[in-house]
Amino acid sequence: MELRRLAKKIREMLDLTDELNFPIVEVLELLHKFDEDAHFEVVEADELEENEHAVTDIISKTIKIREDVYEGACNGVSRDRMTIAHEFAHFITLCVCGFKLARSFGDVDVSPYRDPEWQAKCLAGELMIDPELVKGMSAIEISEVCGVSLPAARIQLSKIA
């Protein structure tokens, strides 16, 4: 619920409260509104680890996005849009809000809500699919109007009370 409230605040701050299709690429251009030192870079695939689509460096406050992923997001590819939303969510939770990093070492389990990956997935889903705007819609409708994949729409729909 805290991440849902945070997503709502971000939407309010950017005057996007009524936007079904969250303009994540355009929002990326506004990183400086959250932190004046923040920026993103579109990079060649060989600048990232194998199978990485994007990364967030909390020290340099930089989001690096693979070129094909950025282009896909610009062209409305749902997976690429969600990838960027996920990295934006990492940036918000770790750089702006200062969430504590929690990792599992050895046999110690970390509660899912304390895991940075879970937090980023959750916040990205809340940003891309506003629960108030999609009430009464099917997963297929949500997928189409919000520009997200059907699995993402189904997951988010299952979280809406």
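## Working through a helix-and-sheet model

From the N terminus on, the elements run α-α-α-β-β-β-α-α-α-α-α, which comes to 8 helices and 3 strands. Helices (H or I, at least four residues) and strands (E, at least two) are DSSP runs, numbered from the N terminus. The model is predicted: local features need pLDDT of at least 70, side-chain atom pairs count only at pLDDT 80 or more, and totals for chains, interfaces and linings use all residues. Residues are numbered from 1 along each chain as its sequence is written, and side-chain values use heavy atoms, leaving out hydrogens and water.

### Exercise 1: the sheet

Work out the order of the strands in the sheet and how they pair.

*Step 1.* Start with the pairing rule: two strands pair if DSSP finds at least two bridges between them. E1 and strand E3 (residues 62–66) are joined by 5 bridges and run parallel; Phe40 stands opposite Ile63 in E3.

*Step 2.* Now go to the other pair. E2 and E3 run antiparallel, with 4 bridges, and Val55 has Lys64 in E3 as its bridge partner. These two strands form a hairpin with 4 residues between them, and Lys61 in the turn has a positive phi of about 55°.

*Step 3.* Put it together: the sheet is open, its 3 strands come in the order E1-E3-E2, and the pairing is mixed. Strand E1 (39–43) and strand E2 (54–57) are at the edges with a single partner strand each, so one side of each has no neighbour in the sheet. From one strand to the next, the twist averages 15°.

### Exercise 2: what packs on the sheet

Find which strands helix H4 lies across and which ones helix H5 touches.

*Step 1.* Angles here run from 0 to 180 degrees between N-to-C directions, with axes as lines fitted to C-alpha atoms, for helices over the stretch in contact. Helix H4 (residues 67–74) lies across E1 and E3, at about 85° to E3. Helix H5 (residues 78–96) packs on the sheet too, touching E2 and E3, and its direction makes about 10° with that of E2.

*Step 2.* Zoom in on Thr83, which lies in H5. Thr83 is buried, with a relative accessible area of 15% (buried means under 20%, exposed over 50%, partly exposed in between, with a 1.4 Å probe and protein chains only). Leaving aside residues up to four places away in sequence, Thr83 touches His53, Ala54 and Val69 (contact means heavy atoms within 4.5 Å).

*Step 3.* Check the alternation along E2: Ala54 and Thr56 point to one face and are buried, while Val55 and Asp57 point to the other and are not.

### Exercise 3: H5 and its partners

Describe how H5 packs with helix H6, then place the ring pair of Phe34 and Phe88.

*Step 1.* H5 and H6 (residues 116–128) pack at about 115°, with their axes 8 Å apart. Residues making the contact include Phe88 and Ile92 of H5 and Leu123 and Leu127 of H6.

*Step 2.* For the rings, pairs need centres within 6.5 Å; planes under 30 degrees apart count as stacked, over 60 as edge-to-face and the rest as tilted. That rule gives 2 aromatic pairs. Phe34 and Phe88 form an edge-to-face one, at 5.5 Å centre to centre and 75° between the planes.

*Step 3.* Locate the two residues: Phe34 is in helix H3 (residues 31–34) and Phe88 in H5, 54 residues apart, so to speak linking distant parts of the chain. Both Phe34 and Phe88 are buried.

Technical notes. Phe/Tyr/Trp six-rings, centres within 6.5 Å; stacked < 30°, edge-to-face > 60°.
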